[in-house]
Amino acid sequence: MRQKPSDVSASRRKGPYLRWVQALLEWFADKARPLPWRRTTDPYAIWISEVMLQQTQVATVIPYWERWMQALPTVYALAKAPAEKVLKLWEGLGYYRRARHLQAAARHLLENYGGRIPDNPDDLLALPGIGRYTAGAILSMAFNQPAPILDGNVQRVLCRFHGINRQPKTAEAQKLLWTLSEQWVRRAAALEKQQPARFPRACSALNQALMELGAVLCTPRQPHCELCPLRRVCYAFATQQTHKLPLREQRPPPVKQLTLAAVVEAGDWVLVRQRPADGVNGNLWEFPNWEITPLNQTNKAKLHHIHRRRLAAWLRQELGVTAKHFRAKTILRHTITKHRYEVCVWQAQAARQTPKDTRACWVTHTELARLPMPAVHRRIAHGLPRVQEAEAHSA
């Protein structure tokens, strides 16, 4: 039976009760997914997993985390690794600044802490790429401290459970949500103190349980309330507002962008260019590409002719490379935040002349298979038979 909305509202204003925390911990102990980073208390392993999980689904992260931990199992290994190796291991996860921050933080830890990850928030927050959420995740999951966390899943659970009828990203709502998150984890610490044998490492389990609840039951759409251990005291469930909470912000319309990309080959050589270190996808390699304004042209044959001519002229002017025998290869589409990209890929031939852009160079297909590239450019590379052969051989 559902509680009356008035009863739920009165209860939630007092903060989480120990019995609610206990119900959540018992549910998590029974239903938690066997994720690989849950089998360790190593702060380094947990740190890597939490950074990878930012804006990335669990199923995607698992193989990346396992490869990373095999290749770079310690802070020392990450700090000493070539930057290109770090970026290659991250290839496909996107938001490459996360990988660069990880290595910068590892170097700081090696230099100032002997490779040890500190167990206090001030030292953690001073590291590149570590904010309040990541610090809280490390402190609670690795060191079992009552540190709060607030990611998208936890935010949704708390908004529904406590009936927070505000835009979650506003400063006022964020302050309240962090306060509530801290109340939950502190109640878990109190429960562990009362019953240590029954609820070991309760702070770690509580924060993971809140995230797990949001990921598998309290989902954005069509939540599985009938399976939720907190449904009897959940405000959104009692008032039938799970479809309304949390309040959704108005999203701006998507920005459409068109890019022309060229796979220019000279025998076994392919032309690539490295992105600037301080920009988006910094230091990654990509095929020469040019973002253009879409044309209001419905005739596909004429549009292909215009794109081919403009791309050939751009290669001459920008890179000093004269390409010929252009052939439309494929069209790739991908989305990054509010931007929707359409990448028209062309294949062409050229003499192996030295590019005038110092960031551009010729590499073999074998070398191309080893370079770290943004996901869409790796998709282009993977479409080249000789790159496929090189990837299969290296695997």
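This passage describes a pocket, a cis peptide bond and several loop residues in a predicted model.

The second largest pocket of the predicted model encloses about 450 Å³ of space. Its lining is made up of 25 residues, of which Phe28, Arg201, Ser204, Ala205 and Gln208 are the closest to the centre of the pocket. Three helices, namely α2 (18–31), α3 (43–53) and α12 (202–216), each supply at least two residues of this lining, and the largest share comes from α2, which provides six residues. When the lining of the second largest pocket is sorted by class, twelve residues are nonpolar, eight are charged and five are polar.

Beyond the pocket, attention turns to the backbone in the loops. Most peptide bonds are trans, and most residues other than glycine have a negative phi. Against this background, the bond that joins Leu245 and Pro246 is a cis peptide bond, with omega at about -5°. Pro246 belongs to the loop that runs between α13 (235–238) and β1 (255–266).

A positive phi, near 50°, is found at Gln222, a residue other than glycine. This residue, Gln222, is placed in the loop between α12 and α13, and α12 is also one of the helices that supply at least two residues to the lining of the second largest pocket. Because the relative accessible area of Gln222 is 70%, and exposed residues are those over 50%, Gln222 is classed as exposed.

A positive phi is likewise found at Asn283, another residue other than glycine, where the value is near 70°. Asn283 is part of the loop between β2 and β3. The relative accessibility of Asn283 is 28%, and therefore Asn283 counts as partly exposed, a class that covers values between the 20% limit for buried residues and the 50% limit for exposed ones.

The loop between β2 (269–274) and β3 (285–286) also holds Asn281. With a relative accessibility of 19%, Asn281 falls under the 20% cut-off and so counts as buried. When its neighbours within four places in sequence are left aside, Asn281 is in contact with Tyr96, Arg100, Arg275 and Pro374. The loop between β2 and β3 thus contains Asn281, which is buried at 19% relative accessibility, together with Asn283, which is partly exposed at 28%.

Key. Residues numbered from 1 in each chain as written. Predicted model: local features only at pLDDT ≥ 70, side-chain atom pairs only at ≥ 80, totals over all residues. Heavy atoms only, no water. Helix = DSSP H or I, 4+ residues; strand = E, 2+ residues; numbered from the N terminus. Buried < 20%, exposed > 50% of the residue type's maximum accessible area, 1.4 Å probe, protein only. Contact = heavy atoms within 4.5 Å. 1 Å grid on protein atoms, 1.4 Å probe; cavity = no way out; pocket = protein on both sides within 12 Å on 5 of 7 lines; lining within 4 Å. Points joined across faces, edges and corners; volume = space filled by probe spheres on them. Nonpolar A, V, L, I, M, F, W, Y, C, P; charged D, E, K, R; others polar.
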